[in-house]
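This briefing sets out the overall form of one protein chain and then turns to selected helices and residues. Please read it alongside the structure shown here.

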Amino acid sequence: MALAVVLFLVATLIALVLYLFQVFGEMLRYAGKLAGPKAYPLIGNGHLFINKSPAAFLRIVGALLKQYGSCIRVWLGTQLVIVVNDPKDVEVLLSSPKYIDKSTEYDFIRPWLGEGLLTSRGRKWHSHRKVITPTFHFKILEQFVEIFDRQSSTFVKMLQPFAESGRSFDIFPQVTLCALDVICETAMGTKVNAQLNAESKYVQAVKEITLLVQCRLFNFLIRYDFFYRFSSNRRKQEAALKVLHGYTNSVIKGRREELHRSNNDTGTAVDANENDLGIKKKMAFLDMLLQSTIDGQPLTDLEIREEVDTFMFEGHDTTTSAISFLLQSLAKNPDVQQKTFEEVLSIVGGDRTTPITMAMLNDMHYLDLVIKETLRMFPSVPLIGRKMGQTTEINGKTFPAGANAIVMPFFLGRNPEFYPDPEKFDPERFNVETSAEKTNPYQYIPFSAGPRNCVGQKFAIAEIKSITSKILRHYEVLSPLEKYDERLTSELILRPENGIYVRLKSRVY
């Protein structure tokens, strides 16, 4: 009997070894040829990150890149991550239609976004990308500018008490609420009034789900679904998703019913985007999706919810990051701020009530440079991930099937080889007349690049310009008098670990 047990255990062990070799053999063989820190069985390099704050991630990866070179491998448990920091490798990875599947990290946000444009793959991604791209046509963006301007006006009113007090405050949460208001109205055509009611269930659920995703990114144990099922993180996520999906579903249902009622008794379709007087109403992103078809079939409610939720996620967190770091940079560089303000004043005029137009935003060329420099130093999306579907050679390096290839715009933008004095905030480095010639465009990729580049980048730039110009027309942004910890956290977006503190002073002109 004892012999039978021993034989069973030996057979089980051999089967396990053979299974692991089949699953990880090729990955281990090719990973061993890449530079990187010593890895240990099962935990890999997880010990480097365990019990560390998310802010430590950038510091650790930066040190590894400095020590081992521009292409390194890191094992997070049994998950292989290859960090790519050479623009030539980045170009191959992002420009090819072969590498469009997102990395494991994006799985953590799938419960919220489902198979929307950010996370989908294959035919679904291709067909949805084709449908969604025209919704960001400049004519449609013009309709959104009024929303940007109106929500920006609410924003400057909400900032007034901070200006009157003269005290330092964390502007990041305030920008988040403004961005939420903008994205809710442009994406769904509804108002959550986040700036006026920050305690609303939907606003709190958005905050909760993003925090939960961030937590899972850096806890290498709950990165595995098996362990995640038993975590409190999962239970909190389900509660937040009930609110988020419930709200989006109700908005979709209401809008569908409104479109249905727009058909008259004879069955002739009436334009649901016109009011009773036949005047065109502004279309939300949701309206365009409801009227779109793929292969002659309308999108299902689930498909629409996935795209609207994706737009909600990508459209509020990323712009919050960009605007907040931009304001911090202007506070630290008053000469740049003054030049930006003078440009805005010359275009919009001295009347603070003058509404911003798309033409005005397009004329703000220096602000364009300021935004580019902000995104060089503080890319809203600090890492871009791709899952390698098959073993591939890229510029002499073999990327095994199953590996997660991670591109980090944060380190690309701070590489002194491409950007002399990289810690200096200098918008002029993006001036066509002074910028370096023949640079590789893949060294600056704040909106990603290639087939899966950000479809909403023009929307984002217009929103950033609108909100920033509105603030500068009302306030001078100043650095805090106190010292604050400015460590950065690299999550799905780049965040300040302890906030972005500024002071405001009302402008008189």
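Helices are DSSP runs of H or I with at least four residues, strands are runs of E with at least two, and both are numbered from the N terminus. On that basis, the chain contains 17 helices and 13 strands. Its radius of gyration is 25 Å, close to the 23 Å that the globule rule gives for 509 residues, so the chain is as compact as a globular protein of that length. The model is predicted.

**Overall form**

- The C-alpha trace of the chain spans about 90 × 65 × 45 Å along its principal axes.
- Of the 509 residues in the chain, 53% are buried.
- Where contacts join residues at least 6 apart in sequence, 75% of them link residues at least 24 apart.
- The exposed area of the chain is about 24,000 Å², and 57% of it comes from carbon and sulfur atoms.
- The chain carries 61 positive and 56 negative charges, and the mean positions of the two sets lie 5 Å apart.

**Helix 2**

- Helix 2 comprises 14 residues (residues 55–68) and reaches 21 Å from its first C-alpha to its last, close to the 20 Å expected at 1.5 Å a residue.
- Its buried residues are Ala 55, Ala 56, Phe 57, Leu 58, Ile 60, Val 61, Leu 64 and Leu 65.
- These buried residues pack against strand 1 (71–76), strand 2 (79–84), strand 11 (488–490) and strand 12 (494–496), and also against helix 8 and helix 16 (409–412).
- Gly 69, just after helix 2, takes a positive phi of about 110°.

**Helix 7 and the loop that follows**

- The 17 residues of helix 7 (residues 172–188) should span 24 Å at 1.5 Å a residue, and the end C-alpha atoms are 24 Å apart, which agrees.
- Helix 7 is largely enclosed by the rest of the structure, because 15 of its 17 residues are buried.
- Just after helix 7, Gly 189 adopts a positive phi of about 75°.
- Asn 193 lies in the loop between helix 7 and helix 8. Although Asn 193 is not a glycine, its phi is positive, at about 50°. With a relative accessible area of 35%, Asn 193 is partly exposed.

**Helix 10 and Leu 244**

- Helix 10 (residues 232–261) is the place of Leu 244.
- For the 30 residues of helix 10, a span of 44 Å is expected at 1.5 Å a residue, and the end C-alpha atoms are 44 Å apart, in agreement.
- The buried residues of helix 10 are Asn 233, Gln 237, Ala 240, Leu 241, Leu 244, His 245, Thr 248, Val 251, Ile 252, Arg 255 and Leu 259.
- An α-helix has 3.6 residues a turn, so residues three or four places apart point the same way.
- The packing partners of the buried residues of helix 10 are helix 4, helix 7, helix 8 (201–218), helix 9 (225–228), helix 11 (285–290) and helix 12 (301–332).
- Leu 244 is buried, with a relative accessible area of 0%. Beyond its neighbours within four places in sequence, Leu 244 is in contact with Trp 112, Tyr 202, Ala 205, Val 206 and Ile 209.
- Leu 244 and Gly 189 are 55 residues apart along the chain, and their C-alpha atoms are separated by 16 Å.

**Lys 387**

- Lys 387 belongs to strand 6 (residues 384–387). Its relative accessible area is 30%, so Lys 387 is partly exposed.
- Not counting residues up to four places away in sequence, Lys 387 touches Asp 101, Lys 102, Ser 103 and Thr 104, together with Gly 402, Ala 403 and Asn 404.
- From Lys 387 to Leu 244 the C-alpha distance is 28 Å, with a separation of 143 residues in sequence.

**Two serines in loops**

- Ser 120 occupies the loop between helix 4 (110–113) and helix 5 (122–132). Buried means under 20% relative accessible area, and Ser 120 counts as buried at 1%.
- Ser 120 touches Glu 115, Trp 125 and Arg 452, not counting residues up to four places away in sequence.
- Ser 448 is found in the loop between helix 16 and helix 17 (457–474). Ser 448 is buried, with a relative accessible area of 18%.
- Ser 448 has a positive phi of about 60° although it is not a glycine.

Key: Residues numbered from 1 in each chain as written. Predicted model: local features only at pLDDT ≥ 70, side-chain atom pairs only at ≥ 80, totals over all residues. Heavy atoms only, no water. Rg over C-alpha atoms; globule rule 2.2 N^0.38 Å. Buried < 20%, exposed > 50% of the residue type's maximum accessible area, 1.4 Å probe, protein only. Contact = heavy atoms within 4.5 Å. Areas by Shrake-Rupley, 256 points an atom, 1.4 Å probe, with all protein chains shown as cover. Lys, Arg positive; Asp, Glu negative; His and termini not counted. Charge placed at Lys NZ, Arg CZ, Asp CG, Glu CD. Expected span 1.5 Å × (residues − 1).
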